[in-house]
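Visitor: I am new to this structure and would like a close look at a single part. Please pick one strand and walk me through its surroundings.

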Amino acid sequence: MNELDHFLEAADQPERYGAGIKAGGTPVLGYLCSYAPEEIIHAAGVHPLRLFGTLESTIQADSHLQAYCCSLARGVLESALDGTLAFLDGAVFPHTCDTIQRLSDIWRLNTHFDFFADVVHPVRLDSGFAREYLEDILQRFKCELEAWSGSKIDDAALARSIETFNAARKRLDDLYLMRSRDPDCISGSRVSSIVKASMILNRDELPGRLSRLLEEIKAGSYRTGGTDDKKRLLVAGSLCDHPDFYSMVENSGGVVVWDDLCTGSRAFDGFIDPTGDHLKAIARRYFERRPCPSKHLSNTARGEALAAMAEKHKVQGILFFLLKFCDPHAFDYPYLKEYLEAKNIPVTLIEVEDSLPPEGQLATRLETFIYTL
Amino acid sequence: MYTAGIDIGSITTKAAVINENGIIGTKIILTGYNPSEAGRRVLDELLREYSLRSADLAAVVATGYGRNSADFGGKTLTEIICHGAGAHYLNPDVRSVVDVGGQDSKALVIDDRGKTKDFAMNDKCAAGTGRFLEVMARALEVDLDEFGPLSLRSSKPSRISSICTVFAESEVISLIAKGELREDIIAGIHESVAARVATLAHRAGVGPPLMMTGGVARNVGVVKALEKKLEIPVEVSPRAQVNGAIGAAVLAMEEASRK
């Protein structure tokens, strides 16, 4: 088995992989988005497993959720209620959007996992007290984990976790940079599966696996060819759990060379200072990494960040890939469209639910947008 | 030099043949079950009518949802791009196009050369499309071609509030049961389609001069309702339904001239 197969397998069956970890004796906590402090979970000797929802029909979850909840909330709750996530020891709900915050209550009241925690992040990242507040929240989360696991999370364990996550994030950034320079080095759908798997795989093994994978890519093992005349695109949104989407973009004359996704570059953006107070350093990264639209840094922070990414990676157009009913992203879109178009960066919107829109309609949108670039 | 465009839509398949001097001819057939067969047949029949052979064609462009169903020997381009090119060919002053077809509606803004600048397309639901009208025509037992003229007689359009085609159909059935006039119900249906299309049009940023294309443009009731909603005149060419095929033929001509 080559290194890539480990990533593809984990991305394809996250629950099976998580259940395997649990069977091996390590407790597993599910988490909802890239604002979950994975480093602290890992330092407690617990495996953090990102939850992605389900592509199956949601049957039980709909009795607990309003129609305006996104397919991620719906799918995650469904997987908990139908037993798919039965191997979990619990879940961590970072407060990013309102839906995730409300989902956390519904989860707590309707499931019977051993551990449950809300990590209520600040909304305004530009306020002076926000950092202090988040440090306090992380401290509290650490105490909750300690009380549950019955063992202290010491500084040495936190330091090791920080190093592990820094190393993995650096390698994912290297992978993206490599592909931005040479989109033929590996297909977009594989890159998306690799990043997804990095939120599923054993984190202690992850930096090593990524290094070997990067070597395989450099050796040309996964070269695709044929992207020379394709338009360079950036995908922006919350999560994209559809590797096929990248192939459809490629078949429509484009190639995704970078992203601003919660299941993409936002998950590995930013570095944690390994020296000094570890919780302070973990908190600091959340202020320094690119924010998601549920956080406020300034009125134009996201527009500026997207424009800078587009320039750096010679992007010709931006595809906003939004989950239906994801209101933080949906509310940001009209301003971002105006802001980016004023900077001559064309954008288009693709709204999806758990599954992609019918192939014909999606292809028509993609082909038309790419043709206009 | 002759070129052809084939537009394989969800309900009808259209073909157009042009040369440097203008449109030679167009043809419309029902798509049926086999889109690639429909594409081939409509072109063959059209060529036969004008005593042309496929070898006479310098280029062919296929468009519509069935554009990739077979290899027609040339490029494939989306119907959005082709409707922009077609509308520009029919009237070079046009800057916005609203295309309402069988299962999709689209709004697009074009530049002074007919190239698409921005667009919006309906989501997967059939509200605001030809299929919506077909379902309602069946419920009302009225021939779809009668819809336009009948609706113009209405003085008090019924209110159809459901967006979903299936729910709207039951709403229409309730209106029939309540004894509302057929022309009022049809006018209400047209207003409902126009409202959906106007939403798209706003999202794409359309403005005058605006042309409506696609099969639904044949329905004068929808056109009038759309004019009212958008508060701008809506131009309709007699060739509205074959506009996508014409645009495809025009883009085939550009392609052939570049060679």
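Guide: What follows describes one strand, its neighbours, and then a contact between two chains. Please keep in mind that this is a predicted model. The strand is E3 of chain A, made up of residues 90-94, and it is mostly covered, with five of its five residues buried. Buried here means that 20 or more other C-beta atoms lie within 10 Å of the residue's own. In a regular strand, side chains alternate between the two faces of the sheet. In E3(A), Gly90(A), Val92(A) and Pro94(A) point one way, while Ala91(A) and Phe93(A) point the other way, and all of them are buried.

E3(A) has a pairing with strand E1 of chain A, residues 28-31, in the parallel sense and over three bridges. Within that pairing, Tyr31(A) has Val92(A) of E3(A) as its bridge partner. E3(A) is also joined to strand E4 of chain A, residues 115-119, by five bridges, and these two strands run parallel. Val92(A) appears here too, with Ala117(A) in E4(A) as its bridge partner. Helix H5 of chain A, residues 98-110, belongs with these strands: E3(A), H5(A) and E4(A) make a right-handed β-α-β unit.

A further topic is the contact between chains. Chain A gives eleven residues to the contact and chain B gives 13 residues. On the side of chain A that touches chain B, the largest share, eight residues, comes from helix H15 of chain A, residues 359-372. Sorted by class, that side of chain A has three nonpolar, five polar and three charged residues.

Conventions. Residues numbered from 1 in each chain as written. Chains lettered and ligands numbered in written order. Predicted model: local features only at pLDDT ≥ 70, side-chain atom pairs only at ≥ 80, totals over all residues. Buried ≥ 20, exposed ≤ 12 C-beta atoms within 10 Å, placed from the backbone. Helix = DSSP H or I, 4+ residues; strand = E, 2+ residues; numbered from the N terminus. Pairing = 2+ DSSP bridges. Right-handed = clockwise from strand over helix to strand, strands pointing away. Contact = placed C-beta atoms within 7 Å. Nonpolar A, V, L, I, M, F, W, Y, C, P; charged D, E, K, R; others polar.
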